[in-house]
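Here is a short report to read beside the sequence and the 3D view. It moves from a single residue to the whole assembly.

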Protein chains: 2
Amino acid sequence: MRLQELGEWELLQRLSAFAPAGQLDDDAALLRERSGRTLVVNTDVLVEGVHFSDTTVSPQDLGWRAAAANLSDLAAMGCTDVGGLTVGLVAPGDTPWDWVEGVYRGLSEALARYGGCLLGGDCSSGGQRLLAITALGHLSTERGAGPIRRGDGRPGDWLICSGPHGLSRLGLALLQGELAQEERDGLPPELQEEAIRAHQRPRPRLDVVQELITVRPEHCTWRVGGTDSSDGLQLAAVNIARASGCGVLLEKEALPLAPEFHRLPQAERWCLGGGEDFELVLALEPVWAETLCAAMPDCSRIGRLIDADAHRVCWADSGEPLDPAAGYCHFQ
Amino acid sequence: MRLQELGEWELLQRLSAFAPAGQLDDDAALLRERSGRTLVVNTDVLVEGVHFSDTTVSPQDLGWRAAAANLSDLAAMGCTDVGGLTVGLVAPGDTPWDWVEGVYRGLSEALARYGGCLLGGDCSSGGQRLLAITALGHLSTERGAGPIRRGDGRPGDWLICSGPHGLSRLGLALLQGELAQEERDGLPPELQEEAIRAHQRPRPRLDVVQELITVRPEHCTWRVGGTDSSDGLQLAAVNIARASGCGVLLEKEALPLAPEFHRLPQAERWCLGGGEDFELVLALEPVWAETLCAAMPDCSRIGRLIDADAHRVCWADSGEPLDPAAGYCHFQ
């Protein structure tokens with residue numbers, strides 16, 4: 001059996017047999033320290049030709065994106081306090097120093113913005129440019145804060161997300177010249193700029209975690225289901241449904257589209273499966289969800305969790321399951 | 001300027017400008033926790049064709065080696081307590097699952113032996129097989145233990161190492177069929193087996209750190225210069241000399257050769273620059289060094305640190321500097 005036949009999901013299932021039960025179920029790993037604090041650790045690999053291309057991101061943007069993607073996984077676990085990251089850099093010997101410098105400059109910009117520092121790393125020659133980044137951070141200990149876990153959703157929770165989806169995919173399409181001239185002309189220039197920025201300079205939503213902690217109603221104890229939408233909004237919802245043992249109903253009219261985004265024929269598809277939006281998707285008690293959405297206008301309700309035998313994502317109006325073909329799959 | 005022109009040392013110098021001063025000077029990073037404990041973090045990248053080849057290590061041995069190399073960097077910082085590791089796996093889609101399973105089995109064997117667990121990771125397709133591993137551990141808090149740092153050697157220290165050198169290189173030569181039949185026939189079978197084992201199943205010397213802590217004489221406060229010899233014994237000595245601002249005198253008759261190893265014409269060269277022996281090279285006050293060597297027969301004195309303007313490594317008998325061409329260099 002080859003990896004391309006297994007697919008990423010089955011591969012991860014098989015690899016999780018080598019870790020303690022449940023260890024690989026979430027966006028990042030948690031390690032309890034003796035002080036009572038919890039360390040959050042995440043490793044991401046970015047490969048040229050798979051995750052990035054010189055034609056659509058500059059080295060500096062790549063460094064930023066690599067850091068941001070990793071910090072987004074920390075945020076998805078409930079981290080508010082970034083310690084820093086280690087970088088494994090692989091590149092062919094003929095790679096210009098300027099490229100490497102640009103990447104580390106972008107990484108440093110993201111760290112300067114979100115906290116932490118470059119902790120260490122390793123370099124090697126290799127046939128393909130590649131970054132393997134490990135980010136370290138801590139959960140907050142403020143106001144009874146705890147981890148965010150995919151499996152902590154419950155029937156009755158609202159499903160909310162922290163911002164519009166599909167923008168990063170639109171940005172990529174614009175940079176790659178995928179859109180026909182008339183499609184492009186139909187999009188306001190501000191939307192095009194926002195989409196390119198979303199693709200090149202995504203923001204890890206550590207701010208949403210902080211707000212979540214701040215606005216928690218006194219009578220809600222800490223229980224937050226969630227993940228980030230790095231692999232698409234739909235897959236985020238699927239992962240929460242599966243891990244929480246619930247069904248998820250998505251509201252079509254509440255899909256998080258940026259203004260004017262609906263003009264695109266691909267709008268719904270990219271919103272659900274475009275990926276790399278790096279927003280948080282959270283399952284929360286309605287009262288807490290409402291407070292959060294009131295405090296952060298970026299956040300909105302997109303659906304709810306229900307008690308259902310099939311742990312899948314359906315449309316709220318028709319009850320039909322979403323097309324499962326959306327979302328990423330490596331090795332295929 | 002391209003990376004192959006820069007060389008690894010200059011590349012690391014340039015990259016260290018992106019980290020806090022001194023942050024990248026050691027084998028791994030230290031992060032002080034609020035509890036007073038110190039977290040040790042290390043990232044290593046292993047690339048097919050550069051660091052390993054299917055012809056000389058099985059997938060299981062590769063997994064073991066990858067873990068061991070990383071844990072050796074933790075040991076080189078004074079770590080005794082392994083938390084675990086994250087694994088970034090890159091492989092072409094046509095890679096057999098059996099290969100991946102073998103690698104993770106080997107990783108798990110090393111963790112079962114030395115402590116910790118598989119904490120998390122990431123997978124991606126890519127053109128070349130590759131492992132990017134980040135290991136986490138803690139410094140001991142026993143008996144006033146602290147970190148081991150390259151720059152903590154002082155003139156008058158003994159330079160000791162924790163075992164024979166050159167064996168891993170001999171193992172590689174045997175596996176690759178590099179030696180002439182008569183050279184091979186001149187080597188006792190036990191030495192050949194030991195060399196192949198040293199190459200395929202290296203041991204991170206966490207036990208030496210533990211013993212170092214246990215045998216510290218009451219009147220010596222914690223100060224240990226050191227590193228591991230993953231890039232060769234000579235480079236380990238050079239790195240200690242540079243970082244400690246000392247000279248190092250190596251004693252030729254004290255070179256750490258395995259029994260019968262001197263029969264090989266390459267013995268001295270491989271002992272100094274073969275690399276991947278993963279022993280510890282330590283600069284210690286003589287009384288502490290003596291106690292350690294008495295307690296651990298693997299450990300032996302190989303030289304001493306002296307007050308010298310040129311921070312280099314010379315032969316004790318002639319005063320001549322060692323040939324600087326030994327040691328690894330990536331990107332060339």
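## One residue in a helix

A:Asn239 sits in helix H8 of chain A, which covers residues 233-244. This is a predicted model. Is A:Asn239 buried or exposed? Count its neighbours: 24 C-beta atoms fall inside 10 Å, so A:Asn239 counts as buried. The cut-off for a buried residue is 20 or more.

Which residues does A:Asn239 touch, leaving aside its neighbours within four places in sequence? They are A:Arg150 and A:Thr227. Look also at A:Val313. A:Val313 is 74 residues from A:Asn239 along the chain. The C-alpha atoms of the two are separated by 9.5 Å.

## The fold of chain A

Now step back to the chain. Chain A has 10 helices and 12 strands. Its radius of gyration is 19 Å, and the globule rule gives 20 Å for 332 residues. The two values are close, so chain A is as compact as a globular protein of that length. Along the principal axes, the C-alpha trace spans about 60 × 55 × 45 Å.

How much of chain A is buried? Buried residues make up 53% of its 332 residues. Contacts also reach across the sequence. Take those in chain A between residues at least 6 apart in sequence: 86% of them join residues at least 24 apart.

## Two domains

Chain A splits into domain 1, residues 3-141, and domain 2, residues 148-315. Their C-alpha centres lie 22 Å apart. Where they meet, 21 residues of domain 1 of chain A are in contact with 25 residues of domain 2 of chain A.

Which elements build the domain 1 side of this meeting, with two or more residues each? In chain A they are helix H2 (59-76) and strand E3 (79-91). H2(A) gives the largest share, 10 residues. By class, the domain 1 side has 10 nonpolar, 5 polar and 6 charged residues.

## Two copies, one axis

Next, bring in chain B. A turn of 180 degrees, with a shift of 0.0 Å along the axis, lays chain B on chain A with an RMSD of 0.0 Å. The two copies are thus related as by a two-fold rotation axis. The same surface serves both: 100% of the contact residues of chain B recur in chain A. Which residue of chain B comes closest to the rotation axis? B:Ser35 does, with its C-alpha at 2.3 Å.

## Where the chains touch

How many residues meet between the chains? 60 residues of chain B are in contact with 60 residues of chain A. Several elements of chain B each supply at least two residues to its side. Among them are helix H1 (3-15), helix H3 (97-114) and strand E5 (130-139). E4(B) gives the most, with 9 residues.

What classes of residue make up this side of chain B? There are 31 nonpolar, 21 polar and 8 charged residues.

## Confidence

How confident is the predictor about chain A? The mean pLDDT of chain A is 93, and 98% of its residues reach 70 or more. Some caution still applies. Where pLDDT is low, predicted coordinates should not be read in detail. The model as a whole scores ipTM 0.90 and pTM 0.92.

Terms used
Residues are numbered from 1 along each chain as its sequence is written. Chains are lettered from A and ligands numbered from 1 in the order in which they are written. This is a predicted model: local features need pLDDT of at least 70, side-chain atom pairs count only at pLDDT 80 or more; totals for chains, interfaces and linings use all residues. Copies are superposed by least squares on the C-alpha atoms of residues with pLDDT of at least 70 in both. Two residues are in contact if their C-beta atoms, placed from the backbone, lie within 7 Å. Helices (H or I, at least four residues) and strands (E, at least two) are DSSP runs, numbered from the N terminus. Ala, Val, Leu, Ile, Met, Phe, Trp, Tyr, Cys and Pro count as nonpolar, Asp, Glu, Lys and Arg as charged, and the others, Gly among them, as polar. The radius of gyration is taken over C-alpha atoms; the globule rule is 2.2 Å times the number of residues to the power 0.38. A residue is buried if 20 or more other C-beta atoms lie within 10 Å of its own, exposed if 12 or fewer, and partly exposed in between; C-beta atoms are placed from the backbone. Domain bounds come from an automatic or database domain assignment. pLDDT is the predictor's confidence in each residue, from 0 to 100.
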